[in-house]
Amino acid sequence: MDKMIDHIGIAVRDIEGSKAFYINVLGGTFIDHYISEAPGVESEVAVLHVNGLQTELLAPTSNATSPIARFIKQKGKGVHHIAYRVHNLDEALKELEEQGIRVLDHTRRINKHGRRLIYLNPADTEGTIIEYCDYPE
């Protein structure tokens, strides 16, 4: 199945300061800003486009439960994940299973924009956090 980069998620501490950098320095266009308090997400998200590539800035809304807070504490700010768009998430998950690649079932969800997503187990991706997603009609 074909895969293409959908977006890059960047862990930040300050959404507004980070937005300013992506807009003023990189020439990005602001698209959306929202808060997701879903369990296991607990993040503020700013979506920007930089020369056609979508970037999501992710800041924790809870230092106790947000995976972004844990990531920043362990690794610092920076690239959190790379999301690959697939034509059909269900079919892509079957392919992963056939290849012995595990996913983190608890991360499966539909976001505000209708994107279905799930994260692959970093133990099977050489430590990189990878999201698979699709946009059903």
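Is arginine 85 buried, exposed or partly exposed? Arginine 85 is partly exposed, with a relative accessible area of 34%. The model shown in these views is predicted.

**View 1. Arginine 85 in strand 5.** Arginine 85 is found in strand 5, which spans residues 78-86. Its relative accessible area of 34% falls between the 20% and 50% limits, so it counts as partly exposed. Methionine 4 is 81 residues away in sequence, yet the two C-alpha atoms are 5.4 Å apart. Leaving out residues up to four places away in sequence, arginine 85 touches Asp2, Lys3, Met4 and Asp6. Cys133 and Tyr135 are also among its contacts.

**View 2. The largest nonpolar core.** This core has 13 residues. Ala11, Val45 and Ile68 touch the most other members. Strand 3 (43-50), helix 2 (67-75) and strand 7 (116-120) each give two or more residues. The largest share, three residues, comes from helix 2. In soluble globular proteins, nonpolar side chains tend to be buried together.

**View 3. Surroundings of alanine 11.** Neighbours within four places in sequence are set aside here. Alanine 11 is then in contact with Leu58, Ile68, Phe71 and Ile72. Its other contacts are Lys77, Gly78 and His80.

**View 4. The aromatic pair.** The structure holds one aromatic pair. Phenylalanine 21 and tyrosine 22 form it, with ring centres 5.5 Å apart and planes at 85 degrees. That angle is over 60 degrees, so the pair is edge-to-face. Which partner is buried? Tyrosine 22 counts as buried, at 15% relative accessibility. Phenylalanine 21 is partly exposed, with a relative accessible area of 40%.

**View 5. Lysine 19 over a ring.** Lysine 19 lies over the face of phenylalanine 30. The distance to the ring centre is 4.3 Å.

**View 6. Leucine 26 in its loop.** Leucine 26 lies in the loop between helix 1 (15-25) and strand 2 (29-36). It is partly exposed, with a relative accessible area of 41%. Which residues does leucine 26 touch, not counting those up to four places away in sequence? They are Phe21 and Val50. Phe21 also belongs to the aromatic pair of View 4. Leucine 26 and alanine 64 are 38 residues apart in sequence. Their C-alpha atoms are 32 Å apart in space.

**View 7. The largest pocket.** About 690 Å³ of space lies in this pocket. Its lining has 36 residues. Which of them lie nearest the centre? They are Gly40, Pro67, His80, Arg109 and Tyr119. Strands 2, 3, 4 (53-60), 5, 6 (103-110) and 7 each give two or more residues to the lining. Helix 2 does so too. His80 also appears in View 3, as a contact of alanine 11.

**View 8. Asparagine 51, with positive phi.** Asparagine 51 lies in the loop between strand 3 and strand 4. Its phi is near 50 degrees, a positive value in a residue other than glycine. At 80% relative accessibility, asparagine 51 counts as exposed.

**View 9. Glutamate 126, with positive phi.** Where does glutamate 126 lie? Glutamate 126 is in the loop between strand 7 and strand 8 (130-134). Its phi is near 60 degrees, again positive in a residue other than glycine. Relative accessibility is 79%, over the 50% limit, so glutamate 126 counts as exposed.

Note on methods:
Residues numbered from 1 in each chain as written. Predicted model: local features only at pLDDT ≥ 70, side-chain atom pairs only at ≥ 80, totals over all residues. Heavy atoms only, no water. Core = buried A, V, L, I, M, F, W, Y, C linked by side-chain atoms within 4.5 Å. Buried < 20%, exposed > 50% of the residue type's maximum accessible area, 1.4 Å probe, protein only. Helix = DSSP H or I, 4+ residues; strand = E, 2+ residues; numbered from the N terminus. Contact = heavy atoms within 4.5 Å. Phe/Tyr/Trp six-rings, centres within 6.5 Å; stacked < 30°, edge-to-face > 60°. Lys NZ or Arg CZ within 6 Å of the ring centre and 35° of its normal. 1 Å grid on protein atoms, 1.4 Å probe; cavity = no way out; pocket = protein on both sides within 12 Å on 5 of 7 lines; lining within 4 Å. Points joined across faces, edges and corners; volume = space filled by probe spheres on them.
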